[in-house]
Amino acid sequence: MRKDKPSSKTPQVSVSETPMTPVLSYEHKEWEDLTIADDYMFKLVMSHKRICKHLLEMILGIKIRKLMDPKTEHAMKNSYESNGIRLDVYVEDDENTVYDVEMQIRKYSEAYFGRRTRYYQSVIDFGALQVGVKYHKLKKSIIIFICPFALFDKKHHLFTFKNTCQEDTSILLDDGTSKVFLCTQGTLDDVSPEVKNFLAFVEGLPVKDVWVDKVKDLIDKLKQDERKKADYMTYQMKIEEEREAVREEERQNAILTLIKTLKDLSIEKSKVIEQLIKQYSMSELEAQAAVQANW
């Protein structure tokens with residue numbers, strides 16, 4: 001029986017074979033093209049207390065006596081080691097209730113949204129406990145996601161989730177939390193005309209509505225503010241810098257994985273260097289330095 005000779009070719013180990021941290025797609029938009037559906041503009045608009053208050057009252061069908069000043073890009077985390085989050089719009093009222101409002105452009109699985117709201121809830125509660133609030137005095141909290149797509153049964157515009165007993169759904173566990181999803185693409189007549197007009201506005205459709213007109217006027221005014229425009233351009237640059245840093249980190253991790261894999265396969269250094277030059281467009285000196293540092 002003929003025995004095949006060991007191949008002298010270097011095994012092809014591509015970047016796709018190494019674990020990667022997914023990079024979310026990010027659409028660059030000009031300042032003049034931003035709409036209420038873009039989270040940057042949404043946060044600017046919701047930083048105006050009267051607008052934010054009316055939106056909450058409209059979605060939830062409640063009256064809020066007094067609302068504190070909204071906080072946008074509100075940073076929170078459970079601990080030093082945990083993943084931090086930035087809440088789009090965080091605001092409290094004078095009746096012991098906290099609201100978190102998120103403009104959610106990207107569509108993920110329903111399980112993702114369930115766990116994301118769960119994590120947001122835990123971070124909000126932990127933030128309160130950190131400043132000495134006893135658990136039985138935790139504020140009520142309502143997390144709202146505004147979504148320009150359909151969710152769950154694909155019919156409702158509004159989904160409100162609370163903890164109920166599975167054996168008897170009329171029994172509510174009074175933990176003071178609610179999660180609300182407001183979807184633009186429902187089919188049922190389950191929200192007020194004013195909410196429908198707002199959802200159409202989020203979709204970019206022409207709308208005749210007194211409150212929506214106020215929001216439009218505010219957006220037009222914001223777009224004429226050169227300082228706001230400059231802030232947005234700085235924000236865009238930071239986002240791109242962060243994306244570039246993630247890409248470079250992934251590239252370096254992939255290079256290290258490739259070197260380790262080929263070393264474990266007893267591939268000669270010169271072959272590894274050739275592979276790095278070919279796969280990552282590295283100069284010969286860069287490839288030699290990478291192999292030398294990690295061999």
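Start with strand β3 of this predicted model: T97, Y99, V101 and M103 point one way, while V98, D100 and E102 point the other way, and all of them are buried. In a regular strand, side chains take turns between the two faces of the sheet. As for cover, seven of the seven residues in β3 are buried, so it counts as mostly covered under the cut-off of under 20% relative accessible area.

What are the strands beside β3 doing? On one pairing, β2 and β3 run antiparallel and are joined by four bridges. Y90 is the residue that stands opposite D100 in β3. These two strands make a hairpin with four residues between them, and N96 there takes a positive phi near 65 degrees. The pairing of β3 with β4 is parallel and covers seven bridges. Here Y99 stands opposite I142 in β4.

Now for the nonpolar interior. The largest nonpolar core has 43 residues, and F42, V45, L55, L56, I146 and F198 touch the most other members. Several elements give two or more residues to this core: the helices α1 (39-46), α2 (49-60), α4 (193-202) and α5 (210-223), along with the strands β2 (85-92), β3 (97-103), β4 (140-147) and β6 (177-183). There's also a second, separate core of 16 residues, and L87, V98, I124 and I143 are among its members.

Which residues does I146 touch, leaving aside those up to four places away in sequence? From the core's best-connected group come F42, L55 and F198. I146 also touches V101, E102, M103 and Q104, and the list is completed by I59 and L182.

Aromatic rings are worth a look too. The structure holds 18 aromatic pairs. Here are two of them, side by side.

| Pair | Centre to centre | Angle between planes | Arrangement |
|---|---|---|---|
| Y108 and Y112 | 4.2 Å | 35 degrees | tilted |
| F145 and F181 | 5.6 Å | 35 degrees | tilted |

Are the rings of these pairs buried or partly exposed? Y108 is partly exposed, with a relative accessible area of 24%, and Y112 is partly exposed as well, at 34%. F145, on the other hand, is buried at 0%, and F181 is buried at 3%. F145 sits in strand β4 and F181 in strand β6, so their pair ties together parts that lie 36 residues apart in sequence. Both pairs belong to a cluster: ring pairs link Y108, Y112, F113, Y120, F145, F149, F152, F159, F161 and F181.

Last stop, the cysteines. How many disulfides does the structure hold? The count is zero. Take C183, which is in no disulfide: the nearest cysteine sulfur belongs to C147 and is 4.9 Å away. A disulfide needs the two sulfur atoms within 2.5 Å, so that distance doesn't qualify. C183 is buried, with a relative accessible area of 0%. C52 also counts as buried, at 1% relative accessibility.

Terms used
Residues numbered from 1 in each chain as written. Predicted model: local features only at pLDDT ≥ 70, side-chain atom pairs only at ≥ 80, totals over all residues. Heavy atoms only, no water. Core = buried A, V, L, I, M, F, W, Y, C linked by side-chain atoms within 4.5 Å. Buried < 20%, exposed > 50% of the residue type's maximum accessible area, 1.4 Å probe, protein only. Contact = heavy atoms within 4.5 Å. Pairing = 2+ DSSP bridges. Phe/Tyr/Trp six-rings, centres within 6.5 Å; stacked < 30°, edge-to-face > 60°.
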